[in-house]
Amino acid sequence: MGGLACLLAIVEKVYNKAYAHSGINELILGELVDFILRAWCRHDGGVMGQKLLSAAHFLMAPGGYVGGFVSFRCGNCRYEEHDLGVGRGREEMPFLSLFRCDNCHSVGSTWIFADRVPRCTLCYHDAVTLLPEDVSRLPCPKCGEPAGFERLEGEWR
């Protein structure tokens with residue numbers, strides 16, 4: 001296991017144990033974990049050149065889910081979608097997931113509910129393909145050339 005992966009595994013275990021077995025404030029604990037991860041990212045050169053990420057992008061503690069934002073950009077045709085919400089709030093359901101719409105040929109994010117069909121947020125059609133949580137690149141829905149997602153700063157709870 002690499003240095004960052006090892007650190008994340010340790011921090012996640014400490015976070016989950018402290019959250020489950022103590023009266024420590026969730027916000028203070030999250031800030032502590034965030035501080036540790038940011039310190040590591042600065043030490044490790046920003047995790048191979050990526051932006052510094054907050055604890056929200058690494059930890060999935062019960063009751064402590066946090067969502068973030070991404071943007072999608074195609075360098076070929078200049079198609080862009082900004083501030084797409086992803087992740088989970090304090091409850092397991094609903095959550096925001098990235099999708100590709102086969103009807104209007106767009107990329108976006110939509111709320112996923114246990115009892116509802118996911119729909120495109122632009123054309124409201126149900127012909128969407130949900131994307132995996134770890135997606136970083138996919139063919140542009142407009143021109144078909146490779147394009148990618150970029151994590152943005154900020155989070156939501």
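In the predicted model, strand E3 is joined to strand E5 by 3 bridges, and the two strands run antiparallel. Within this pairing, Arg 100 has Thr 129 of E5 as its bridge partner. E3 is also joined to strand E4 (residues 106-112), in this case through 7 bridges and again in the antiparallel sense. Phe 99 stands opposite Gly 108 of E4. The hairpin formed by E3 and E4 has 4 residues between its strands, and His 105 adopts a positive phi near 55° there. A further antiparallel pairing, over 2 bridges, connects E3 with E2. Here Gly 87 is matched with Leu 96 in E3, and the hairpin of E2 and E3 has 6 residues between the two strands. Strand E3 (residues 95-101) has 6 of its 7 residues buried and is therefore largely enclosed by the rest of the structure.

The largest nonpolar core comprises 13 residues, of which Phe 72, Leu 84, Leu 98 and Phe 149 touch the most other members. At least two residues of this core are supplied by strand E1 (67-73), and at least two by strand E7 (146-156). In soluble globular proteins, nonpolar side chains tend to be buried together. The surroundings of Phe 72 were examined beyond its neighbours within four places in sequence. Its contacts at that separation include Leu 84, Val 107, Leu 138, Ala 147 and Phe 149, together with Tyr 79, Cys 140 and Pro 141. Glu 80 and Glu 81 are also among the residues in contact with Phe 72.

Salt bridges number 3 in the whole structure. Arg 73, Glu 80 and Glu 150 are linked in a network of such interactions. In the pair of Arg 73 and Glu 80, the closest N and O atoms lie 3.6 Å apart; for Arg 73 and Glu 150, the corresponding distance is 3.2 Å. The latter pair links distant parts of the chain, with Arg 73 in strand E1 and Glu 150 in strand E7, 77 residues apart. Each member of the network is partly exposed: the relative accessible area is 35% for Arg 73, 37% for Glu 80 and 33% for Glu 150.

Another salt bridge is formed by Arg 88 and Glu 133, whose closest N and O atoms are 3.7 Å apart. This pair likewise connects distant parts of the chain, the residues being 45 positions apart. Arg 88 belongs to strand E2 (residues 80-88), whereas Glu 133 lies in the loop between strand E5 (128-130) and strand E6 (137-139). The accessibilities of the partners are 15% for Arg 88, which counts as buried, and 67% for Glu 133, which is exposed.

The structure contains 0 disulfides. For Cys 74, the closest cysteine sulfur is that of Cys 143, at 3.6 Å; a bond is excluded because this distance is too far, the cut-off being 2.5 Å. Cys 77 is likewise in no disulfide, its nearest cysteine sulfur being that of Cys 140, 3.6 Å away. With regard to accessibility, Cys 74 is buried, at a relative accessible area of 3%, whereas Cys 77 is partly exposed, at 33%.

How values were computed: Residues numbered from 1 in each chain as written. Predicted model: local features only at pLDDT ≥ 70, side-chain atom pairs only at ≥ 80, totals over all residues. Heavy atoms only, no water. Buried < 20%, exposed > 50% of the residue type's maximum accessible area, 1.4 Å probe, protein only. Core = buried A, V, L, I, M, F, W, Y, C linked by side-chain atoms within 4.5 Å. Contact = heavy atoms within 4.5 Å. Salt bridge = Lys/Arg side-chain N within 4 Å of Asp/Glu carboxyl O. Pairing = 2+ DSSP bridges.
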